[in-house]
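Subject: Structure for your bench notes

Hello,

Here is the structure I said I would pass on. Please open it alongside this message; my notes come after it.

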Amino acid sequence: MSGVTETERCDLCGSSGLAMAYDVPGTARGLKAYVCDDCGLVQSLPRIDHVARRSAFPDSGAGFGNIRYGKGFRTQFALDTIAKYRPLERFKYCMDVGANRGSFILALQKQAPDIKIDAVEPDERVLAEYQGRENIAVINKRIEAVALPKAKYDLVYHCHTLEHEAHPLSSLRAVCEAMTPDGILFLEVPNIAFLAGTDLVEEWFIDKHLYHYSAPTLCATLEAAGFKILQAPNPDDVTNLTVIATPGQVKQAGAIAGETVEKKALLAAYAKNLQENQQKLKAGAQNLMTFAGHRRVVIWGAGRIFTSLVDIGGFDARRLAGVVDKNIHKYVSEMFGVAIKAPEAITEMKPDVVLVASRLYLDEIKVELDALMPGTDVLTLDDVLKGRVGEDHEK
Ligand SMILES: [Zn+2]
């Protein structure tokens with residue numbers, strides 16, 4: 001039982017055998033990550049599904065997630081994926097579970113103006129873009145608090161919301177029943193396979209996430225909720241698990257071969273790796289500070305790598321010639337005493353070197369930087385961790 005109470009059973013298979021596998025540092029909720037001894041689903045306890053919101057700031061630790069800008073990156077990919085199954089204009093009734101700032105529904109409406117949309121979004125601060133628009137009804141609640149209709153929606157968009165819910169399986173069952181028999185579900189959550197990355201410096205087990213799925217545990221959850229999977233997660237995408245599903249038969253969850261052992265090993269390796277990298281980050285941040293004393297250093301990317309560099313590494317951001325970010329500048333004007341600007345502003349910053357503080361968009365940013373300032377010297381997180389800041393770039 002490992003100190004787990006009777007009510008805290010595995011959300012997927014119902015087992016009481018939850019083994020504590022990772023004690024999350026810096027959590028405001030007192031969260032610990034457990035691995036189910038039967039099915040291998042990784043889940044955090046206690047299951048508090050709501051805490052007071054902290055400031056809108058991209059924290060490097062367990063408090064991350066308050067700025068709420070990330071989902072917009074997935075909109076075009078989602079529309080393209082859905083359109084492979086049915087032309088968008090043929091859908092009649094869509095539900096967006098966790099509509100956030102409305103990036104998906106606004107883009108969907110552009111392509112399919114007649115579609116009626118129910119936007120489920122509990123955060124009243126982000127509704128302004130779509131509240132009161134024609135064909136959009138806002139339901140200002142958490143999905144788990146909504147009494148869903150039966151067989152209404154032929155499209156459900158469920159993107160980066162499931163991992164926040166207290167009881168995803170029962171919630172997904174209600175979503176499945178709310179769909180028409182030929183309905184299409186687009187569902188996406190973070191992929192726990194990300195933890196195998198060797199350059200992580202920021203805490204992955206953030207306070208807002210209670211469930212941490214792998215491809216097998218996510219597919220088992222969908223099947224246990226009554227879905228038939230039409231498109232399984234792409235094994236090459238270690239950042240997100242994306243699934244297309246349609247209502248089918250309920251398939252009771254059971255043991256998943258190898259999953260428990262694999263996930264326990266993954267969490268143990270992650271804890272060790274994170275600790276080592278955070279030490280390397282401290283040394284790297286000091287090198288970067290010295291370097292920034294006599295060279296103009298700009299950081300491109302104001303997300304969690306940047307905040308880790310300051311929060312964990314002890315880097316003084318005021319030493320920078322500037323910080324740019326394609327999205328965060330729209331929501332936050334200043335962080336750690338330095339202004340956050342749009343990428344175009346980089347030319348005025350006259351950098352000698354640009355630290356690209358992003359993993360996922362590293363190549364994309366390099367291309368954009370080269371278009372704005374051809375031939376600019378580039379540093380990566382890997383250079384910082386491996387102590388290559390002063391050497392290669394001080395010419
Ligand atoms: Zn289980």
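The notes below go through some helices, a strand residue and a few backbone features.

Please keep in mind that this is a predicted model.

Helix α1 and its neighbours

Helix α1 covers residues 75-83, and its buried residues are Thr75, Ala78, Leu79, Thr81 and Ile82. Looking down the axis of α1, these buried residues fall within an arc of 165°, so they line one face of the helix. As background, an α-helix has 3.6 residues a turn, so residues three or four places apart point the same way.

What do the buried residues of α1 pack against? They pack against one helix, α2 (103-111), and against the strands β7 (153-159), β8 (179-190), β10 (227-231) and β11 (240-247).

The axes of α1 and α2 are 9 Å apart, and the two helices pack at an angle of about 50°. An angle between 35 and 65 degrees counts as oblique, and α1 and α2 are therefore oblique to each other. Their crossing is right-handed. On the α1 side the contact is made by Thr75, Gln76, Ala78, Leu79 and Ile82, which meet Ser103, Phe104, Ala107, Leu108 and Gln111 in α2. By class, the residues of this contact divide into 6 nonpolar, 4 polar and no charged.

Helix α3 and helix α4

Helix α3 runs over residues 168-177. Its buried residues are Pro168, Leu169, Ser171, Leu172, Val175 and Cys176. Seen down the axis of α3, they fall within an arc of 160°, so they line one face of the helix.

α3 also packs with helix α4 (residues 215-224): the two axes come within 8 Å and cross at roughly 50°. α3 and α4 are therefore oblique to each other, and α3 passes α4 in a right-handed crossing. In this contact Leu169, Leu172 and Arg173 of α3 meet Thr221, Leu222 and Ala224 of α4. The contact of α3 with α4 has 4 nonpolar, 1 polar and 1 charged residues.

Leucine 172 deserves a separate entry. This residue lies in helix α3. Is leucine 172 buried or exposed? Leucine 172 is buried, because its relative accessible area is 0% and the cut-off for buried is under 20%. Leaving out residues up to four places away in sequence, leucine 172 touches His158, Leu162, Leu187, Thr221, Leu222, Ala225 and Phe227. Two of these, Thr221 and Leu222, belong to the α4 side of the helix contact. From C-alpha to C-alpha, leucine 172 is 40 Å from threonine 380, and the two are 208 residues apart in sequence.

Leucine 355 and helix α6

Threonine 380 comes up again in the surroundings of leucine 355, which is found in strand β16 (residues 353-356). Leucine 355 is buried, with a relative accessible area of 3%. Which residues is leucine 355 in contact with, leaving aside its neighbours within four places in sequence? They are Leu288, Val298, Ile299, Trp300, Leu309, Leu379, Thr380, Leu381 and Val384. The C-alpha atoms of leucine 355 and valine 297 are separated by 7.2 Å, although the two residues are 58 residues apart along the chain.

One of those contacts, Leu309, is among the buried residues of helix α6. That helix covers residues 304-311 and is mostly covered, with 7 of its 8 residues buried. The buried ones are Arg304, Ile305, Phe306, Thr307, Ser308, Leu309 and Val310.

Backbone features in loops

Three loop residues have backbone features to look at.

- Proline 46 lies in the loop between β3 (42-45) and α1. The peptide bond leading to it from leucine 45 is cis, with omega near -5°.
- Asparagine 100 lies in the loop between β4 (93-97) and α2. Its phi is near 55°, a positive value in a residue other than glycine. Asparagine 100 is buried, at a relative accessible area of 7%.
- Phenylalanine 336 lies in the loop between β14 (334-335) and β15 (338-341). Its phi is also positive, at about 50°, although the residue is not a glycine. At 23% relative accessibility, phenylalanine 336 counts as partly exposed.

Regards

Key
Residues are numbered from 1 along each chain as its sequence is written. This is a predicted model: local features need pLDDT of at least 70, side-chain atom pairs count only at pLDDT 80 or more; totals for chains, interfaces and linings use all residues. Side-chain values use heavy atoms; hydrogens and water are left out. Buried means under 20% relative accessible area, exposed over 50%, partly exposed in between (1.4 Å probe, protein chains only). Helices (H or I, at least four residues) and strands (E, at least two) are DSSP runs, numbered from the N terminus. The arc is that of the directions from the helix axis to the C-beta atoms. Contact means heavy atoms within 4.5 Å. Axes are lines fitted to C-alpha atoms, for helices over the stretch in contact, and angles run from 0 to 180 degrees between N-to-C directions. Angles under 35 degrees count as roughly parallel, over 145 as roughly antiparallel, 65 to 115 as roughly perpendicular and the rest as oblique. A crossing is left-handed if the near helix is turned anticlockwise from the far one by less than a right angle, and right-handed if clockwise. Ala, Val, Leu, Ile, Met, Phe, Trp, Tyr, Cys and Pro count as nonpolar, Asp, Glu, Lys and Arg as charged, and the others, Gly among them, as polar.
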